[in-house]
Amino acid sequence: MVENDEGNYQEELSFLEYMLIGTEALHYAVRRYTSPEEHAFFPERLPAPNHKVLEELEFPNLLSDVGNASDVNFNQVLLRKYITEVVPSICQPGDDEQHG
């Protein structure tokens, strides 16, 4: 947690987390996470349901009901592997100041 100028505490986010949260908010507004196969990395950070700009869609039941297949979510594993294994294997340590 980091204290801002107003004396409020906010969670400190990495640049990657900040970008993912913003991208997920945009995707949420256009129904991405209404699909049973789609899961946000940060569902607790998605906007309020009234933020959606499109009507709900009805999806065909493609996932098995056995074992709650629609609840399977590997996002935290994928994010951790990306940060701890993929990025270090393709990037030099340090900030290259290329944040685009």
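**Pocket, patch and salt bridges**

The largest pocket in this structure, which I should say at once is a predicted model, has a volume of about 490 Å³. Of the 17 residues that line this largest pocket, those closest to its centre are Phe 15, Leu 16, Tyr 82, Val 87 and Cys 91. If we ask which elements give two or more residues to the lining, they are α1, covering 15-29, and α2, and it is α2 that supplies the largest share, with 4 residues. As for the chemical character of the lining of the largest pocket, its residues divide into 9 nonpolar, 6 polar and 2 charged.

Let me move from the pocket to the surface. Here Leu 16, Tyr 82, Ile 83, Val 86 and Ile 90 form a nonpolar patch, and together these residues have about 430 Å² of accessible area. Which helix gives the most to this patch? That is helix α2, residues 75-90, with 4 residues. Two names should already be familiar, since Leu 16 and Tyr 82 belong to the patch and are also listed among the residues closest to the centre of the largest pocket. Taking one patch member in detail, Ile 83 is found in helix α2, and its relative accessibility is 40%, so Ile 83 counts as partly exposed.

That leaves the charged side chains. In general, side chains of opposite charge can pair when their charged atoms come close. How many salt bridges does a search of the whole structure find? The search finds 2, and I will take them in turn.

One salt bridge joins Lys 81 to Glu 85, with the closest N and O atoms 3.2 Å apart. Both of these residues lie in helix α2, and they are 4 residues apart, which is about one turn of the helix. Are the two partners buried or exposed? Strictly, neither word fits, because partly exposed is the class between under 20% and over 50% relative accessible area, and Lys 81 comes out at 38%, while Glu 85 has a relative accessible area of 44%.

The other salt bridge is formed by Glu 38 with Arg 32, and in this pair the closest N and O atoms are 2.9 Å apart. Glu 38 is partly exposed, with a relative accessible area of 28%, and Arg 32, at 36% relative accessibility, counts as partly exposed too.

To draw this together, helix α2 gives the largest share of the lining of the largest pocket, gives the most to the nonpolar patch, and holds both Lys 81 and Glu 85.

Terms used. Residues are numbered from 1 along each chain as its sequence is written. This is a predicted model: local features need pLDDT of at least 70, side-chain atom pairs count only at pLDDT 80 or more; totals for chains, interfaces and linings use all residues. Side-chain values use heavy atoms; hydrogens and water are left out. Patches are made of residues with over 30% relative accessible area and no salt bridge: like charges are joined within 9 Å, nonpolar side chains (Val, Leu, Ile, Met, Phe, Trp, Tyr) within 5 Å. Accessible areas come from the Shrake-Rupley method with a 1.4 Å probe; for residues, only the protein chains shown count as cover. A salt bridge is a side-chain nitrogen of Lys or Arg within 4 Å of a carboxyl oxygen of Asp or Glu. Buried means under 20% relative accessible area, exposed over 50%, partly exposed in between (1.4 Å probe, protein chains only). On a 1 Å grid over the protein atoms alone, a cavity is a set of points where a 1.4 Å probe fits but cannot get out, and a pocket is an open set with protein on both sides within 12 Å along at least five of seven lines; lining residues have an atom within 4 Å of a point. Grid points are joined across faces, edges and corners, and a volume is the space filled by probe spheres set on the points. Ala, Val, Leu, Ile, Met, Phe, Trp, Tyr, Cys and Pro count as nonpolar, Asp, Glu, Lys and Arg as charged, and the others, Gly among them, as polar.
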